[in-house]
Amino acid sequence: MLQIENLKKSYKHNIVFEHLNMNIDQGELIYIHGINGSGKSTLFKIICGITEQDEGHIKKDDQVHIGALIENPGFLENENLRFNLKFLASLNNNYNEEKVAKLCQHFHLDYKNKIKMKEYSLGMRQKAGIIQAIMENQNLILLDEPTRGLDDEAIETFCNMINKLHEEGKTIIIAAHDYLEQLTFDKHYHLTNGLLKEE
């Protein structure tokens, strides 16, 4: 589904990672462990095409449809949740309002609330970020520190949702410094000192 070959990325004289190789098959649930600043977000940005690598190649199957939550989710701050989710989905003409409303309900977010996004707490923004990463039936889901700002109930909801998506055959990569014991990962990687090692 996705092949990463000899990836290298640096900023000025600081090497983020190099000789990074990864083979991802459809339906895998993958965990990448790394401390803050280890390069997890940068790797996801390169996979999504947001950032360019210095060296190496990424090969994606034609049918790959990426959903991603990277760093702090960005929204149109003066608009409400419904407007933001509808706007994001409209970019690909793939908006299922009933499905999106149910996802919001699972996370105890009021889909029809008119509160502007700038009034949302960190946890509420994080929930909205998770929803936009999965709401369009994406088959490759990249989640960067997805449980940041979530309470225990929301973490449990998140893990149940990921387990369900995994059962449906979605490919999911979670990059975090905290391990989620409720999830059964197919592969574990450790990103440290610029190198990605499978554990």
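This tour of a predicted model visits one lysine and then two pockets.

**Stop one: Lys 127.** Select residues 122-134, which form helix α4, and pick out Lys 127 within that helix. Is this side chain buried or exposed? Lys 127 is buried, and it has no salt bridge. Now show Asp 151, the nearest side chain of opposite charge, which is 5.2 Å away from Lys 127. A salt bridge would need a side-chain nitrogen within 4 Å of a carboxyl oxygen. Next, add Phe 107, Leu 109, Leu 150 and Ala 154; these are the contacts of Lys 127 once neighbours within four places in sequence are set aside.

**Stop two: the largest pocket.** This pocket holds about 430 Å³ of space. To find its centre, select Ala 68, Leu 69, Gly 74, Leu 88 and Gln 132, the closest to that point among 23 lining residues. Then colour α1 (40-48), β5 (66-69) and α2 (81-90), the elements that each give two or more residues to the lining. Of the elements, β5 gives the most, with 4 residues. Coloured by class, the lining shows 13 nonpolar, 8 polar and 2 charged residues.

**Stop three: the second largest pocket.** Its volume is about 300 Å³. Select Leu 103, Met 161, Lys 164, Leu 165 and Glu 168, which lie closest to the centre out of 13 lining residues. Display α3 (97-106) and α5 (152-167) as well, since each supplies at least two residues of the lining. Which element gives the most to this lining? That is α5, with 5 residues. By class, the lining here has 4 nonpolar, 4 polar and 5 charged residues.

Methods: Residues are numbered from 1 along each chain as its sequence is written. This is a predicted model: local features need pLDDT of at least 70, side-chain atom pairs count only at pLDDT 80 or more; totals for chains, interfaces and linings use all residues. Side-chain values use heavy atoms; hydrogens and water are left out. Buried means under 20% relative accessible area, exposed over 50%, partly exposed in between (1.4 Å probe, protein chains only). Lys and Arg count as positive and Asp and Glu as negative; His and the chain ends are not counted. Contact means heavy atoms within 4.5 Å. On a 1 Å grid over the protein atoms alone, a cavity is a set of points where a 1.4 Å probe fits but cannot get out, and a pocket is an open set with protein on both sides within 12 Å along at least five of seven lines; lining residues have an atom within 4 Å of a point. Grid points are joined across faces, edges and corners, and a volume is the space filled by probe spheres set on the points. Ala, Val, Leu, Ile, Met, Phe, Trp, Tyr, Cys and Pro count as nonpolar, Asp, Glu, Lys and Arg as charged, and the others, Gly among them, as polar.
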